[in-house]
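Here's a quick tour of the aromatic side chains and a few of their neighbours. Have a look at the model first, then read on.

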Amino acid sequence: MVAQDIVIRPVITEKSMAGNAIKMYTFEVARCANKIEIKRAVEELFGVKVLKVNVVNVKGHLRRHGRNQGYTSDWKKAYVVLTEDSKAIEFFEGMV
């Protein structure tokens with residue numbers, strides 16, 4: 001898989017933005033990707049050095065629309081921590 005297929009989108013929430021101060025960023029990633037592939041993809045896409053990667057499988061939530069109900073899709077979330085000497089990811093700057 002290429003890096004663009006592994007990192008799908010950044011997760012922009014209050015909780016994820018609080019981690020920017022310690023160079024922790026949150027991404028939605030491909031469900032089949034492992035930590036090593038995620039690390040390589042982030043380093044290639046953003047030109048940074050990754051210290052560690054934590055991964056969480058997020059279960060879909062029950063949603064109702066009238067009398068019909070169903071579940072949203074399951075997805076995988078990755079918390080990426082950069083090294084201290086690495087530069088920050090430009091995309092997240094100014095969002096704090």
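Before the rings, one definition: two rings of Phe, Tyr or Trp (its six-membered ring) pair up if their centres lie within 6.5 Å, and planes over 60 degrees apart make the pair edge-to-face. Keep in mind that this is a predicted model.

**The aromatic cluster**

With that in hand, Tyr25, Phe27, Phe46, Phe91 and Phe92 come together as one aromatic cluster. Searching the whole structure turns up four aromatic pairs. Take Phe27 and Phe92: their planes sit at 80 degrees, with 5.8 Å between the ring centres, so this pair is edge-to-face. It ties together distant parts of the chain, since Phe27 belongs to strand 2 (residues 24-29) while Phe92 falls in the segment after strand 6 (75-82), 65 residues apart. Are these two buried or exposed? Both Phe27 and Phe92 are buried.

Phe92 also pairs with Phe91, and that pair is edge-to-face too, with 5.4 Å from centre to centre and 90 degrees between the planes. What about the cover over these two neighbours? Phe92 has a relative accessibility of 2%, so it counts as buried. Phe91, at 43% relative accessible area, is partly exposed, because partly exposed is the range between 20% and 50%.

**Out at the surface**

Phe91 has a second role to note: together with Ile12 and Met95 it makes a nonpolar patch on the surface, and the three share about 260 Å² of accessible area. Ile12 sits in the loop between strand 1 (7-10) and helix 2 (14-18). Thr13 is found in that loop between strand 1 and helix 2 as well. From Thr13 to Thr26 the C-alpha separation is 9.2 Å, with their positions 13 residues apart along the chain.

Here is how some of the residues compare on accessibility:

| Residue | Relative accessible area | Class |
|---|---|---|
| Ile12 | 42% | partly exposed |
| Thr13 | 38% | partly exposed |
| Ser86 | 8% | buried |

**Two other contacts**

Ser86, from the table, is in the segment after strand 6. What does the side chain of Ser86 reach? The backbone nitrogen of Lys49, at 3.1 Å.

Finally, there's a charge over a ring: the charged end of Arg9 sits over the ring of Trp75, 5.9 Å from the centre of that ring.

Conventions. Residues numbered from 1 in each chain as written. Predicted model: local features only at pLDDT ≥ 70, side-chain atom pairs only at ≥ 80, totals over all residues. Heavy atoms only, no water. Phe/Tyr/Trp six-rings, centres within 6.5 Å; stacked < 30°, edge-to-face > 60°. Helix = DSSP H or I, 4+ residues; strand = E, 2+ residues; numbered from the N terminus. Buried < 20%, exposed > 50% of the residue type's maximum accessible area, 1.4 Å probe, protein only. Lys NZ or Arg CZ within 6 Å of the ring centre and 35° of its normal. Patch = residues over 30% accessible without salt bridge, like charges linked within 9 Å, V, L, I, M, F, W, Y side chains within 5 Å. Areas by Shrake-Rupley, 256 points an atom, 1.4 Å probe, with all protein chains shown as cover. Salt bridge = Lys/Arg side-chain N within 4 Å of Asp/Glu carboxyl O. Polar contact = N/O pair within 3.5 Å; in protein donor to acceptor, adjacent residues only side chain to side chain.
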